[in-house]
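Please open the structure in your viewer and keep the selection tool at hand. The tour below proceeds by selections, each followed by a description of what is to be found there.

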Amino acid sequence: MSYKNIARLVLQQNRQFSRTATASSGEVAQGYKELKHIQEKFQKPDGKPVFLKGGAMDNALFSLTVVLSLVGLAGIGKLFYELSYPKKED
């Protein structure tokens, strides 16, 4: 079989059409309501950046990230100092 035939067969097998009727009652599924609630929570204009709107876990992870970044910068500063002013051997 050629690559074109294989690709055609794969596309035909993956093509699925919806066989369910559309909702005529106007009700929205529960999952969509929950998603809308979460979206409203993150879009609320409360002055917080979006990466801190998730709650206490987001604050803890952000604080951990800041601390680890500062520790890394301090280590780089120490390395530069030690390389700039090597210990003298007597």
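**Salt bridges**

Begin with the charged side chains of this predicted model, in which two salt bridges are found. Side chains of opposite charge can pair when their charged atoms come close.

Select aspartate 46 and lysine 53 for one of these salt bridges; the closest N and O atoms of this pair are 3.5 Å apart. Is lysine 53 buried or exposed? Lysine 53 counts as buried, because its relative accessibility is 12% and the limit for a buried residue is under 20%. Its partner, aspartate 46, has a relative accessible area of 40% and is partly exposed.

Keep lysine 53 selected. This residue belongs to the loop between helix 2 and helix 3. Now add lysine 44 and display its backbone: the backbone oxygen of lysine 44 is 2.6 Å from a polar atom of the lysine 53 side chain. The side chain of lysine 53 thus has two partners to inspect, aspartate 46 in a salt bridge and the backbone oxygen of lysine 44.

Next, select lysine 78 and glutamate 82, which form a salt bridge with their closest N and O atoms 3.4 Å apart. Where do lysine 78 and glutamate 82 lie? Both residues are part of helix 3, and the four residues that separate them correspond to about one turn of the helix. Lysine 78 counts as exposed, with a relative accessibility of 53%, whereas glutamate 82, at 42%, counts as partly exposed.

**The three helices**

Switch to a cartoon view of the whole chain. The chain has three helices and zero strands, and its pattern along the sequence is α-α-α. Colour the model by pLDDT, the predictor's confidence in each residue. The mean for the chain is 83, and 80% of the residues reach 70 or more. Which element has the highest mean pLDDT, and which the lowest? Helix 3, residues 56-84, has the highest at 96, while helix 1, residues 3-14, has the lowest at 68.

**The surface and its nonpolar patch**

Turn on the molecular surface. The accessible surface of the chain is about 9000 Å², and 61% of this area belongs to carbon and sulfur atoms. How many of the 90 residues count as buried? The share is 2%.

Select Ile38, Phe42, Val50, Phe51, Phe62, Val66, Leu70, Leu73, Ile76, Leu79, Phe80 and Leu83; together they make a nonpolar surface patch of about 1200 Å². Two elements, helix 2 (30-43) and helix 3, each give two or more residues to this patch. Helix 3 provides the largest share, namely eight residues.

Within the patch, centre the view on phenylalanine 42, a residue of helix 2. Phenylalanine 42 is partly exposed, with a relative accessible area of 31%.

**Aromatic pairs**

Show the aromatic side chains as sticks. Two aromatic pairs are found in the whole structure. The rings of phenylalanine 51 and phenylalanine 62 have centres 5.4 Å apart and planes at 40 degrees, so this pair is tilted. Why does this pair tie together parts that are apart in sequence? Phenylalanine 51 lies in the loop between helix 2 and helix 3, whereas phenylalanine 62 lies in helix 3; the pair therefore joins parts that are eleven residues apart in sequence. Phenylalanine 51 is partly exposed at 48% relative accessibility, and phenylalanine 62 is partly exposed at 38%.

Move to tyrosine 81 and tyrosine 85. Their ring centres are 5.2 Å apart and their planes stand at 50 degrees, so this pair is tilted as well. Both tyrosine 81 and tyrosine 85 are exposed.

**A last distance**

Finally, select leucine 61 in helix 3 together with phenylalanine 51. These residues are ten positions apart along the chain, and their C-alpha atoms are separated by 9.9 Å. Leucine 61 counts as partly exposed, with a relative accessibility of 43%.

Terms used
Residues numbered from 1 in each chain as written. Heavy atoms only, no water. pLDDT = per-residue confidence, 0-100. Salt bridge = Lys/Arg side-chain N within 4 Å of Asp/Glu carboxyl O. Buried < 20%, exposed > 50% of the residue type's maximum accessible area, 1.4 Å probe, protein only. Patch = residues over 30% accessible without salt bridge, like charges linked within 9 Å, V, L, I, M, F, W, Y side chains within 5 Å. Areas by Shrake-Rupley, 256 points an atom, 1.4 Å probe, with all protein chains shown as cover. Phe/Tyr/Trp six-rings, centres within 6.5 Å; stacked < 30°, edge-to-face > 60°. Polar contact = N/O pair within 3.5 Å; in protein donor to acceptor, adjacent residues only side chain to side chain.
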